[in-house]
Amino acid sequence: TGYTATTTGVLTIDNSSTGLMSLVGGTLAAQGNIVWDATTARGTSSNLLLVSGSAEQALTVSGATRTSGGFTIININKSAGPFTIADGTTIRTGYNWTFTSIGSGSLVTTGSTIVFAGYNPTITGSHTLTNVIFDNNSGSDYDFYLTVGSTLTISGTLTVDNSSVGINALRNGSIIAQGNVVWDISNFSVSSLANTNLLLTGSTNQTLTLTSGSTTSGAFAST
């Protein structure tokens with residue numbers, strides 16, 4: 001805890017065996033590419049992956065699905081060079097996701113999917129992702145926080161899945177949807193969508209699909 005390990009080459013987290021591997025404490029500062037096997041690997045609330053290179057970097061995650069696989073706290077804070085989340089990659093994380101700076105580079109997420117799961121993650125910093133899913137996949141109640149003043153733009157499909165018996169809550173910030181929106185409004189209440197604004201701003205056809213609501217139950221975000 002409190003220490004930083006810096007990798008100038010490729011950082012590989014390989015957990016392709018059946019045992020569970022956890023990264024606990026400290027900071028991994030990756031200045032090169034990152035290859036992460038999420039099959040049974042997970043981060044913790046005390047471990048930070050800092051993406052901090054000044055040249056081109058890519059993140060490739062394997063073994064994750066919408067309901068399984070682990071990742072860690074991440075902070076994208078580059079002075080230059082693009083950062084690419086590989087096409088076809090799925091990242092499932094229950095921990096904080098921070099975008100600080102890409103410097104003179106660009107964030108490339110085409111074809112990737114980010115799944116925000118339980119453990120009350122906070123999303124900080126205004127940036128664009130392609131496909132985003134909010135799904136705690138749990139019977140427990142979890143909140144998803146967007147830092148006040150942060151705008152999360154989604155160029156692909158936004159999915160809010162609350163089909164488990166626990167309650168998803170979206171709090172603060174703004175979500176800009178430029179593609180289709182699929183929203184399961186079961187178990188939502190007005191208070192569980194406190195101060196979160198959903199903006200539909202796509203320049204092509206968009207579809208909003210709401211499921212599981214009724215005249216007496218369910219709630220939707222302020223639009």
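Of the 223 residues that make up the protein chain, 49% count as buried. The model described here is a predicted one, and the values that follow were computed from its atoms. The chain contains 25 strands and zero helices. Its accessible surface amounts to about 9,600 Å², and carbon and sulfur atoms account for 50% of this area. When contacts between residues at least 6 apart in sequence are considered, 58% of them join residues that are at least 24 apart.

Parallel strand pairing was examined next. Strand β9, which spans residues 73–77, pairs with strand β12, residues 97–101, in the parallel sense and over four bridges; within this pairing, Ile-76 has Phe-99 of β12 as its bridge partner. Strand β12 is in turn joined by two bridges to strand β15, residues 122–124, and these two strands also run parallel. Here the bridge partner of Trp-97 is Ile-123, which belongs to β15. In a regular strand, side chains alternate between the two faces of the sheet.

Further along the chain, four strands form an open sheet in the order β16-β19-β22-β24, and the pairing within this sheet is parallel. Its edge strands, each of which pairs on one side only, are β16 (127–129) and β24 (197–200). On average, and with direction ignored, neighbouring strands of the sheet are turned by 25 degrees against each other. The contact between β16 and strand β19, residues 151–154, consists of three bridges between strands that run parallel, and Thr-128 stands opposite Thr-153 of β19 in this arrangement.

The edge strand β24 also contains Leu-200, a residue that is partly exposed, with a relative accessible area of 44%. Together with Leu-208 and Leu-210, Leu-200 makes a nonpolar surface patch of about 250 Å².

Charged side chains were then considered. Side chains of opposite charge can pair when their charged atoms come close, and the structure holds three salt bridges. In one of them Arg-66 is paired with Asp-135, with the closest N and O atoms 3.4 Å apart. Because Arg-66 lies in the loop between β8 (57–62) and β9, whereas Asp-135 lies in the loop between β17 (131–134) and β18 (142–146), this pair ties together parts that are 69 residues apart in sequence. The two partners can be described separately in terms of accessibility: Arg-66 counts as partly exposed at 33% relative accessibility, while Asp-135 is buried, with a relative accessible area of 3%.

Arg-66 also forms a salt bridge with Asp-161, for which the closest N and O atoms are 2.8 Å apart. In this case the acidic partner lies in the loop between β20 (158–160) and β21 (168–171), while Arg-66 lies in the loop between β8 and β9, so that the pair ties together parts that are 95 residues apart in sequence. Asp-161 is buried, its relative accessible area being 13%.

The remaining salt bridge involves residues of two strands, and in it the side chains of Arg-171 and Asp-143 meet at 3.0 Å, N to O. Since Arg-171 lies in strand β21 and Asp-143 in strand β18, the pair ties together parts that are 28 residues apart in sequence. Arg-171 counts as partly exposed at 21% relative accessibility, whereas Asp-143 is buried, with a relative accessible area of 17%. Through salt bridges that share partners, Arg-66, Asp-135 and Asp-161 are joined into one network.

A residue from an earlier part of the chain was examined for its surroundings. Thr-27 is placed in strand β4, which covers residues 27–30. With a relative accessible area of 18%, Thr-27 is classed as buried, because the cut-off for this class is under 20%. When residues up to four places away in sequence are not counted, Thr-27 touches Tyr-3, Thr-4, Ala-5, Leu-48 and Leu-50.

Conventions: Residues numbered from 1 in each chain as written. Predicted model: local features only at pLDDT ≥ 70, side-chain atom pairs only at ≥ 80, totals over all residues. Heavy atoms only, no water. Pairing = 2+ DSSP bridges. Axes fitted to C-alpha atoms, helices over the stretch in contact; angles between N-to-C directions. Buried < 20%, exposed > 50% of the residue type's maximum accessible area, 1.4 Å probe, protein only. Contact = heavy atoms within 4.5 Å. Areas by Shrake-Rupley, 256 points an atom, 1.4 Å probe, with all protein chains shown as cover. Salt bridge = Lys/Arg side-chain N within 4 Å of Asp/Glu carboxyl O. Patch = residues over 30% accessible without salt bridge, like charges linked within 9 Å, V, L, I, M, F, W, Y side chains within 5 Å.
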